[in-house]
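Me: I would like to learn how to read a protein structure one feature at a time. Could you take me through the one shown here, with the general idea each time and then the case itself?

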Amino acid sequence: MTEKPQDRNVLAGNKIQLQCLVAHIDGVPFNITWTHQNANKVVTTPPVQPTSESQILDMTITRQHYGYWTCSASNQNGVVNATAVIKPPVLSG
């Protein structure tokens with residue numbers, strides 16, 4: 001994985017993008033998926049925008065989006081994972 005998703009502190013209502021970028025070998029098909037800690041299935045909404053080497057998760061944050069997001073890249077040789085946490089900012093006061 002050449003670019004992993006980064007941890008973010010985000011207020012609800014703000015838009016963010018998480019990106020997962022992988023190096024691959026031409027001619028060897030690969031797959032990138034996103035999962036959230038509260039879901040037992042691949043996330044397809046909010047929209048995931050695939051490109052030839054990466055996937056970008058675009059979302060407007062709600063309370064349900066907080067938590068751990070895992071990007072998994074797989075091909076015939078195996079699977080690599082990278083995880084980022086999305087959480088509300090700590091307000092000082």
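Me: Let me begin with bridge partners: which residue in β7 is the bridge partner of W69?

Reply: To read a bridge, you pick a residue in one strand and look across to the residue that faces it in the strand alongside. In this predicted model, the bridge partner of W69 is A84, which belongs to β7. Another residue to look at is Y68, which stands opposite V85, again in β7.

Me: In which sense do strands β6 and β7 pair, and over how many bridges?

Reply: Strand β6, residues 67-75, and strand β7, residues 78-87, pair in the antiparallel sense, and nine bridges are found between them. The link between β6 and β7 is a hairpin that passes through two residues.

Me: What is the order of the strands in the open sheet?

Reply: To read a sheet, you list its strands in the order in which they lie side by side, which need not be their order along the sequence. Here the open sheet has four strands in the order β1-β7-β6-β3, and its pairing is mixed. At the edges stand β1 and β3, the latter being residues 30-36, and each has a single partner strand, so one side of each is left without a neighbour in the sheet. The parallel part of the picture comes from β1 and β7, which pair in that sense over two bridges, and there R8 stands opposite I86 of β7.

Me: How many helices and strands does the whole protein have?

Reply: The count is zero helices and seven strands, and the pattern along the sequence is accordingly written β-β-β-β-β-β-β. Of the contacts with a separation of 6 or more, 54% are between residues 24 or more positions apart.

Me: Which residues have the most contacts inside the largest nonpolar core?

Reply: To read a core, you look for buried nonpolar residues whose side chains join up, and then you ask which parts of the chain supply them. The largest nonpolar core here has 15 residues, and those with the most contacts inside it are I16, L18, W34, M59, I61, W69 and I86. At least two residues of this core come from each of β2 (15-21), β3, β5 (54-60) and β6. Over the whole protein, buried residues make up 34% of the 93 residues.

Me: Is S72 buried or exposed?

Reply: To decide this, you compare the relative accessibility of the residue with a cut-off, and buried means under 20%. S72, which is found in strand β6, has a relative accessibility of 17% and therefore counts as buried. Its side chain is joined to that of N81 by a polar contact of 2.5 Å. Leaving aside neighbours within four places in sequence, S72 is in contact with N31, I32, T33, V79, V80 and N81.

Me: Which backbone oxygen lies 3.0 Å from a polar atom of the side chain of H36?

Reply: For a polar side chain, you look for the polar atoms that it can reach, and these may belong to the backbone as well as to other side chains. H36 has its place in strand β3 and counts as buried, at 7% relative accessibility. A polar atom of its side chain lies 3.0 Å from the backbone oxygen of Y66, and the side chain of H36 also reaches the backbone oxygen of H65, at 3.5 Å.

Me: What does P5 touch, if residues up to four places away in sequence are not counted?

Reply: P5 lies in the segment before β1, and it is buried, with a relative accessible area of 6%. On that count it touches L18, Q19, W34, C71, A82, T83 and A84. P5 and T70 are 65 residues apart in sequence, while their C-alpha atoms are 8.3 Å apart in space. You can set this beside V90, in the segment after β7, which counts as exposed at 78% relative accessibility. V90 and V10 are 80 residues apart in sequence and 9.6 Å apart in space, C-alpha to C-alpha.

Me: In which strand is the confidence lowest, and in which is it highest?

Reply: Confidence is read as a score for each residue, which can then be averaged over a strand or over the whole chain. It is lowest in strand β4, residues 48-50, at a mean of 65, and highest in strand β1, residues 8-9, at 94. The protein averages a pLDDT of 83, and 84% of the residues score at least 70.

Technical notes: Residues numbered from 1 in each chain as written. Heavy atoms only, no water. Buried < 20%, exposed > 50% of the residue type's maximum accessible area, 1.4 Å probe, protein only. Contact = heavy atoms within 4.5 Å. pLDDT = per-residue confidence, 0-100. Pairing = 2+ DSSP bridges. Core = buried A, V, L, I, M, F, W, Y, C linked by side-chain atoms within 4.5 Å. Polar contact = N/O pair within 3.5 Å; in protein donor to acceptor, adjacent residues only side chain to side chain.
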